[in-house]
Amino acid sequence: MVKKNKGYKFRIKPNKEQIIYLEKAFGCSRKMYNIYVDMLYSKLEEENFVNGKISYKSMKFPTPAAIKKDYEYMKEIDSLVFANVQLDFLGALRKYNNEYDGKTYCKKAVKQSKTLDRELTFKDLKGIPNFKSKNRNQNSFTTNNQNGTVSIVDNCFVRIPKLKELIRFISHRELPESSIIKSAAISKNCKNQYYISFTVEYYVDEVKTPSNNILGLDYSQHDFYVDSEDRRANYPKYYIKSENKLKKEQQKLSRKILKSENWVKHKKKISKIQNRIVNQRLDWLHKKSYSLAENYDAVIVEDINLRAMGQCLKLGKNLSDNGFGMFRNFLKYKLEDRGKQYIMIDKWYPSSKICSNCGNKNENLQLQDRIYKCQHCGLIIDRDYNASINIKEVGSTLLAW
Ligand SMILES: [Zn+2]
């Protein structure tokens, strides 16, 4: 048995009274976060901090309970909400220290500093925790389940702390069998619709029966991937059509006068197309990974550095997310949910250079060689197909059964 954590999001329909509480909780959660950010900035000012890493562990921020004493209205709100704010804030600081070098400033701030003739401060540092606003940030709060304080009742209501009345909720899927709700995040989107996201914990059986039903995937810039059964991922042509349309529309936009009426109108049109493309792509990634997870007991991929290789399914600047990276994540959790295996092999394994028939290594293989010709055994094979067989072979030795 293996422990899993997973999120499940549902729409909820709070009544007027409940909305009042939820809105208060959003506000208090944001207020608490901003208090922490404010404290951080004051402490940084005291230290004459310019940039670099923040030694937040020695800063000794007060607990939410201590802060709450000064804010009478916060007493109405479930105290776990504030505990989560503190965790969130400390997490943001850790992320800043880990992911940003502490020397890079936000582009927007750099621009502003030139036009406004002001000096850049630590507040402009990229990735530093920043004040949250009602309009700019998502309205949300998180609480935890303590012996049933967060629960689903009769599959059509949810219980959350501090609310006596249950909130109506729309169940579109079941939580995994014998799962335990660990926490719940309640949020509101820009259409004033409310949602609850449960993080649940559950156990699944691992499939440990040896199986030959294994697939290897080789990342391909052109085909997305080629598998060890010589099939290509086949990204739908009509998706590519809408992507080309987007490119054309973006060119049209660049010829319009910046921020003119026509420009704004056209910009809106473009975001609509972009939105559709993102959804189409997500849908495709989900379907692809679903069918692989359903049909194979193990899938093996390469741990390639996608950023260095250039991205797959590359679109306009705003859409250039990492399709293959996302695909690998989907595939991983879909396989693991089914108790199956996902294996990532080392990025230094020369999957393209080795002959999948005799194991000879062709050091002279060039990036533009689309066909692999083995000098040793005479095999002639598509380059990516050859690589995916090698990936499958080397990955198969790592499987746990
Ligand atoms: Zn060979």
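**Buried cysteines, a long-range contact and a loop with positive phi**

C28 counts as buried because its relative accessibility is just 4% (buried means under 20% relative accessible area, exposed over 50%, and partly exposed in between, with a 1.4 Å probe and protein chains only). C374 turns out much the same way: at 7% relative accessibility, C374 is buried too. As for disulfides (pairs of cysteine sulfur atoms within 2.5 Å), the structure has 0 of them.

The model is predicted, with local features needing pLDDT of at least 70 and side-chain atom pairs counted only at pLDDT 80 or more, while totals for chains, interfaces and linings use all residues. Residues are numbered from 1 along each chain as its sequence is written, and side-chain values use heavy atoms, leaving out hydrogens and water.

Stepping back to the whole protein, there are 401 residues, and 41% of them are buried. Along the principal axes, the C-alpha atoms fit in a box of roughly 80 × 60 × 45 Å. The protein has 9 helices and 13 strands (DSSP runs numbered from the N terminus: H or I, at least four residues, for helices; E, at least two, for strands).

Helix α1 covers residues 16–46, and F26 is found there. With a relative accessible area of 1%, F26 is buried. A look along the sequence puts F26 and K134 108 residues apart, yet in space their C-alpha atoms are 8.8 Å from each other.

K126 is another lysine to look at, and its place is in the loop that runs between α4 (107–115) and β2 (139–144). Since its relative accessibility is 40%, K126 counts as partly exposed.

Next come two residues that sit in one loop. D154 lies between β3 (151–153) and β4 (157–159), and N155 is found in the loop between β3 and β4 as well. Most residues other than glycine have a negative phi. D154, which is not a glycine, goes the other way, with a positive phi near 55 degrees. N155 also has a positive phi, near 60 degrees, and is likewise a residue other than glycine. As for cover, D154 counts as exposed because its relative accessibility is 66%, whereas N155, at 39%, is partly exposed.
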